[in-house]
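Colleague: I am new to this structure and should be grateful for a close look at a single part of it. Please set that part in the context of the whole chain and then take its neighbours in turn.

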Amino acid sequence: MPESSSFGNTIDLASAELGGEALLTNDDFFAGMENLLQRGRGVFIPDKYTERGKWMDGWESRRKRIPGHDWCSIRLGAPGKIRALDIDTNHFTGNFPPFASLEACEITGDPDDSTEWTELLAKSPLEGTSQNFFEVSGEQRWTHVRLHIYPDGGVARLRVYGEPHMDWST
């Protein structure tokens, strides 16, 4: 995180090391959703390939040939108050999504079709090969987030910076 940021003393609530988990996506044909939560920034290995094409360190969906967009839902490793996001498109140059948005919910268990989501980041432009930082306001405690990319493409990492807030009553 840049030293000049105003994100304060926050941690990455979605970190896989804390137990964050990518749960569901509508498309991760080229690169798996679980890569979003790995440590460090995504890396580029020029000569590495898979059965589906070039290996990419991040989440990458197929090009849309129909209307719509792609999304990925994530259980936070530590529920809490979200203060900032980093939608990192490192090493995705021509295949990064031009826009993204993010929703959150507070639930027990995992989201399903009846889950009510709250928009925390409206559809916002992204730059390729960049850390795209966004501040988030509010005092709500969240347990899950859903990243939307428009219409498709690759995101190396998602960081959800915030303050852990556990519910000890359950």
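Modeller: What follows begins with the overall picture and then turns to one aspartate and the residues around it.

The model is a predicted one. The protein contains 12 strands and 0 helices, so that β elements follow one another from the N terminus onward. The C-alpha trace extends over about 50 × 40 × 25 Å along its principal axes. A compact globule of 170 residues would have a radius of gyration near 15 Å, and the protein agrees with this because its own value is 15 Å. Of the 170 residues, 49% are buried. Among contacts with a separation of 6 or more, 80% join residues 24 or more positions apart. The exposed surface amounts to about 8800 Å², and carbon and sulfur atoms supply 49% of it. The protein carries 17 positive and 27 negative charges, whose mean positions are 4 Å apart.

The part chosen for the close look is Asp70. Asp70 belongs to strand β6, which covers residues 70–88. Asp70 counts as buried because its relative accessible area is 0%, under the 20% limit. The side chain of Asp70 forms a polar contact of 2.6 Å with the side chain of Lys64. Beyond the residues up to four places away in sequence, Asp70 touches several stretches of the chain: Asn26 and Asp27, then Trp59, Ser61, Arg62 and Lys64, and finally Leu147, His148, Ile149, Pro151 and Asp152. By contrast, Pro111 stands 41 residues from Asp70 along the chain, and the C-alpha atoms of Asp70 and Pro111 are separated by 17 Å.

Two of the residues touched by Asp70, Pro151 and Asp152, lead to the next points. Pro151 is located in the loop between β10 and β11, the latter comprising residues 154–155. The peptide bond that runs from Tyr150 to Pro151 is cis, and its omega is near -10°.

Asp152 in turn leads to Arg63, as the side chains of Arg63 and Asp152 are joined by a polar contact of 2.9 Å. Arg63 is situated in the loop between β5 (59–60) and β6. With a relative accessible area of 38%, Arg63 is partly exposed, whereas Asp70 is buried. A polar atom of the Arg63 side chain also lies 3.3 Å from the backbone oxygen of Gly94. Apart from its neighbours within four places in sequence, Arg63 is in contact with Gly94, Asn95, Asp152 and Gly153. Asn95 is 32 residues from Arg63 in sequence, and their C-alpha atoms are 8.8 Å apart in space.

The loop between β6 and β7 deserves attention next. Asn90 has its place in this loop, with β7 comprising residues 99–105. At 15% relative accessibility, Asn90 is classed as buried. The side chain of Asn90 reaches the backbone oxygen of Gly42 at 2.7 Å. Outside the residues up to four places away in sequence, Asn90 touches Arg41, Gly42, Thr129, Ser130 and Ala156. His91 is found in the loop between β6 and β7 as well, and His91 is buried, with a relative accessible area of 11%. The phi of His91 is near 70°, a positive value in a residue other than glycine.

Thr129, one of the residues touched by Asn90, is likewise not a glycine and has a positive phi of about 50°. Thr129 occupies the loop between β8 (118–125) and β9 (131–135). The relative accessible area of Thr129 is 37%, and Thr129 is therefore partly exposed, as this value falls between the limits of 20% and 50%.

Finally, strand β10 may be considered through Thr143. Strand β10 spans residues 142–150, and Thr143 is found in it. Thr143 is buried, with a relative accessible area of 7%. The side chains of Thr143 and His144 are joined by a polar contact of 2.7 Å. Setting aside neighbours within four places in sequence, Thr143 is in contact with Ile74, Arg75, Leu76 and Pro79, and also with Cys105, Glu106 and Ile107.

To return to the starting point, Asp70 is a buried residue of strand β6, and its side chain makes a polar contact with that of Lys64.

Terms used: Residues are numbered from 1 along each chain as its sequence is written. Side-chain values use heavy atoms; hydrogens and water are left out. Helices (H or I, at least four residues) and strands (E, at least two) are DSSP runs, numbered from the N terminus. Buried means under 20% relative accessible area, exposed over 50%, partly exposed in between (1.4 Å probe, protein chains only). A polar contact is a pair of N or O atoms within 3.5 Å; within protein, one must be able to donate a hydrogen and the other to accept it, and residues adjacent in sequence count only if both atoms are side-chain atoms. Contact means heavy atoms within 4.5 Å. The radius of gyration is taken over C-alpha atoms; the globule rule is 2.2 Å times the number of residues to the power 0.38. Accessible areas come from the Shrake-Rupley method with a 1.4 Å probe; for residues, only the protein chains shown count as cover. Lys and Arg count as positive and Asp and Glu as negative; His and the chain ends are not counted. The place of a charge is taken as NZ of Lys, CZ of Arg, CG of Asp or CD of Glu.
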